[in-house]
Amino acid sequence: MRHNNLALMAVSREPNPTRFQKTLAVHDWYLASDDWEFPMGGIQMLGKSDAEQIRANAPRMAGRLSPEMPFEVLAHHAVDFWLCGEDLPLPTNRVTLEPDGQIRLTLDEKNNTEGVKRLRHQLQGMLGDLGMHPHRLLDHSIYLHKGMPIGATAHQAGTVRFGTDPASSVLDADCKAHEVDNLYVVDTSFFPSIGAVNPSLTAMANALRVGDHLAERLR
């Protein structure tokens, strides 16, 4: 598993001089929304766009949507968001070793993407009230968005998940292998699902939990 991510740039009416803007996150629709009962994910700020990023990633779109605004001006008014949704477990997602020694990642990039799509529309519906610049083509709002392909896969999890049933899990509830008494796995491999946030703190907390279990067991 990984996350279903979407990078989105809005253009503010006022300049945005922020240099380090990745300081805010919104999880109002992490579990559900008023019109959809399933989890959608989280919205957080993204590192500030600069003119070269805009020029490289969306030159035609930027020029078409706002031809009178040079890339430098767009960057100065950019407000950047990172949308993070959950990639649910899928049996066909695999990491395999090829005969020639190459590692192959097989991943369904369209798995459970509806939530993050709805989250994007939720955010877009609010940006007009947040002082964003009017769109020239669609309902007076300008957004540049880019989905993250397999090459941007981050926060990998799963592959050695834990559980109570050896038929559907590799590890028990204490992250010990069902069939090997002295083998424990405490990285993000044990995750039964990835969630929609950075998994680092969860992995750390679980490692401390398993450490306490091992200390108690070895007494």
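**Entry 1: T188**

I started with T188, which sits in the loop between β7 and α5. I kept in mind that this is a predicted model. Which residues does T188 touch, once those up to four places away in sequence are set aside? I found Q156, A157, G158, P199 and A203. With Q156 I could be more exact: its backbone oxygen lies 2.7 Å from a polar atom of the T188 side chain. I also looked up A207, which is 19 residues from T188 along the chain. The C-alpha atoms of T188 and A207 are separated by 9.9 Å.

**Entry 2: S169**

I stayed in the loop between β7 (143–147) and α5 (200–217), where S169 also has its place. Is S169 buried or exposed? Its relative accessible area is 8%, and buried means under 20%, so S169 counts as buried.

Next I looked for polar partners of the S169 side chain. One of its polar atoms lies 2.7 Å from the backbone oxygen of D165. The side chain of S169 also makes a polar contact with the side chain of H178, at 3.0 Å. H178 turned up again when I listed the contacts of S169, leaving aside neighbours within four places in sequence. The rest of that list is R161, F162, G163 and T164.

**Entry 3: T159 and N112, two positive phi angles**

I turned to backbone angles with a rule in mind: most residues other than glycine have a negative phi. T159 has a phi near 80°, a positive value in a residue other than glycine. I placed T159 in the loop between β7 and α5. T159 has a relative accessible area of 63%, and exposed means over 50%, so I noted T159 as exposed.

Where does N112 lie? I found N112 in the loop between β6 (103–106) and α4. N112 is not a glycine, although its phi is positive, at about 55°. At 32% relative accessibility, N112 counts as partly exposed.

**Entry 4: the largest pocket**

T159 came back when I looked at the largest pocket, which has a volume of about 580 Å³. How many residues line the largest pocket, and which are the closest to its centre? The lining has 25 residues, and the closest to the centre are M1, L90, N93, G158 and T159. I was pleased to meet G158 again, since T188 touches it.

Strand β5 (residues 94–97) gives the largest share of the lining, three residues. I then sorted the lining by class: 12 residues are nonpolar, 10 are polar and three are charged.

**Entry 5: the nonpolar cores**

Next I went to the largest nonpolar core, which has 16 residues. Those that touch the most other members are I43, F81, L83, L119, L123 and L127. Which elements give two or more residues to this core? They are β1 (3–11), β3 (42–45), β4 (78–86) and α4 (114–127). With four residues, α4 gives the most.

I picked L119 for a second look. Leaving aside neighbours within four places in sequence, L119 is in contact with W29, M40, G41, G42, I43, L83 and C84. Two of the names in that list, I43 and L83, are also among the core residues that touch the most other members.

Apart from this core lies another, of 12 residues, which includes M1, A157, F191 and I194. M1 was familiar from the pocket, where it is among the residues closest to the centre. A157 was familiar from T188, which touches it.

**Entry 6: two exposed loop residues**

I looked up K110 in the loop between β6 and α4. At 71% relative accessibility, K110 counts as exposed. K110 and D87 are 23 residues apart in sequence, and their C-alpha atoms are 9.1 Å apart in space.

T23 has its place in the loop between β1 and β2 (25–26). T23 is exposed too, with a relative accessible area of 67%. I paired T23 with G47, 24 residues away along the chain, and found their C-alpha atoms separated by 9.4 Å.

**Entry 7: the whole chain**

I finished by stepping back. The protein has five helices and seven strands. From the N terminus on, I read the elements as β-β-β-α-α-α-β-β-β-α-β-α. Of the 219 residues, 39% count as buried. How do contacts spread along the sequence? Among those between residues at least 6 apart, 69% join residues at least 24 apart.

Notes: Residues numbered from 1 in each chain as written. Predicted model: local features only at pLDDT ≥ 70, side-chain atom pairs only at ≥ 80, totals over all residues. Heavy atoms only, no water. 1 Å grid on protein atoms, 1.4 Å probe; cavity = no way out; pocket = protein on both sides within 12 Å on 5 of 7 lines; lining within 4 Å. Points joined across faces, edges and corners; volume = space filled by probe spheres on them. Nonpolar A, V, L, I, M, F, W, Y, C, P; charged D, E, K, R; others polar. Buried < 20%, exposed > 50% of the residue type's maximum accessible area, 1.4 Å probe, protein only. Polar contact = N/O pair within 3.5 Å; in protein donor to acceptor, adjacent residues only side chain to side chain. Contact = heavy atoms within 4.5 Å. Core = buried A, V, L, I, M, F, W, Y, C linked by side-chain atoms within 4.5 Å.
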